[in-house]
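Here's a quick briefing to read with the structure open beside you. It goes strand by strand, then on to the core and the odd backbone angles.

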Amino acid sequence: MSQSNGCVSLHESKPSIDHRFAAFRLRVGASKIHRWGIFAEEFIPKGRKVVEYTGEKISRRETKRRAEERAQIYLFTLDSYWTIDGAVDGSGAEIINHSCEPNVASRIVRDHILYYSLRDIQPGEELLVDYRFGYDEEKLPCHCGAKTCRGLMNLLQKE
Ligand SMILES: [Zn+2]
């Protein structure tokens, strides 16, 4: 990761979880997919709120600026105008890795981004979410290792 632009990543050291936003016991661990990941420390039944994705709420213009200047970005689109930047006051949910076979998915409930379990999750399993980057956005290769891997973190067609 380049730091030549003077932009300091907040996640150079091991990230942490703000347990106030987690509904289950979670931990940060080394991920087989990418750097750090979030792992379940207890059984999580299907259909439950697992963790809230928190961060600084920023405008469309500020989102564009941050996306251009940072090597490592944690931006979650809330709606057509607002974005949540998990790099600032993030709960830890911002480091949940992408997989084409996710076990959690986001729902936006009254301006809060909540991650729900898509199936039962066993203790020790890494939490994984499908980033569903747009078909029209910059193509990012995926190495999630799932049988159904699309090869990209992007959707393969327009929704
Ligand atoms: Zn994949």
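Let's start with β4 and β6, which run antiparallel and are joined by three bridges. Keep in mind that this is a predicted model, with a mean pLDDT of 90 for the protein chain.

**The three-strand sheet and its helix**

- In the β4–β6 pairing, Glu-56 sits opposite Asp-85 of β6.
- These two strands belong to an open, antiparallel sheet of three strands, ordered β4-β6-β5.
- The edges are β4 (56-58) and β5 (75-77), each of which pairs on one side only.
- On average, neighbouring strands in this sheet are turned by 30° against each other, if you ignore direction.
- Helix α1, residues 60-69, lies across β4, β5 and β6. The helix runs at about 145° to β5.

**β9 and its partners**

- β9 pairs with β3 in the antiparallel sense, through four bridges. Within that pairing, Val-51 has Tyr-115 of β9 as its bridge partner.
- β9 also pairs with β8 (residues 104-109), again antiparallel, over six bridges. Here Ile-108 is matched with Ile-113 of β9.
- β8 and β9 make a hairpin with two residues between the strands, and Arg-110 takes a positive phi near 45° there.
- Which residues of β9 are on its covered face, and which on its uncovered one? Ile-113, Tyr-115 and Ser-117 make up the covered face, while His-112, Leu-114 and Tyr-116 make up the uncovered one.
- That every-other-residue pattern is what you'd expect, because side chains in a regular strand alternate between the two faces of the sheet.

**The largest nonpolar core**

- This core holds 21 residues, and the ones touching the most other members are Val-50, Val-51, Tyr-53, Ile-96, Val-104, Tyr-115 and Leu-127.
- Four elements give two or more residues to the core: β2 (36-40), β3 (49-53), β9 (112-117) and β10 (128-129). β3 gives the most, with three residues.
- Tyr-115 is worth a click: leaving aside residues up to four places away in sequence, it touches Val-50, Val-51, Tyr-53, Ala-93, Val-104, Ser-106 and Val-129.

**The β1–β2 hairpin**

- β1 and β2 run antiparallel and are joined by five bridges. In this pair, Val-28 stands opposite Ile-38 of β2.
- The two strands form a hairpin with five residues between them, and Arg-35 is in the turn.
- Arg-35 has a phi near 45°, which is positive even though the residue isn't a glycine.
- Is Arg-35 buried, exposed or partly exposed? Arg-35 is partly exposed, because it has 13 other C-beta atoms within 10 Å, and the partly exposed class lies between 12 or fewer (exposed) and 20 or more (buried).

**Another positive phi**

- Asp-89 isn't a glycine either, yet its phi is positive, at about 60°.
- You'll find Asp-89 in the loop between β6 (83-85) and β7 (97-98).
- Asp-89 also counts as partly exposed, because 13 other C-beta atoms lie within 10 Å.

**How far to trust it**

- 92% of the residues in the protein chain reach a pLDDT of 70 or more.
- Where does pLDDT stay under 50? That's over residues 1-8, for which the model has eight contacts beyond four places in sequence.

Key:
Residues are numbered from 1 along each chain as its sequence is written. This is a predicted model: local features need pLDDT of at least 70, side-chain atom pairs count only at pLDDT 80 or more; totals for chains, interfaces and linings use all residues. pLDDT is the predictor's confidence in each residue, from 0 to 100. Two residues are in contact if their C-beta atoms, placed from the backbone, lie within 7 Å. A nonpolar core is a set of buried Ala, Val, Leu, Ile, Met, Phe, Trp, Tyr and Cys residues joined through C-beta atoms within 7 Å. Two strands pair if DSSP finds at least two bridges between them. Axes are lines fitted to C-alpha atoms, for helices over the stretch in contact, and angles run from 0 to 180 degrees between N-to-C directions.
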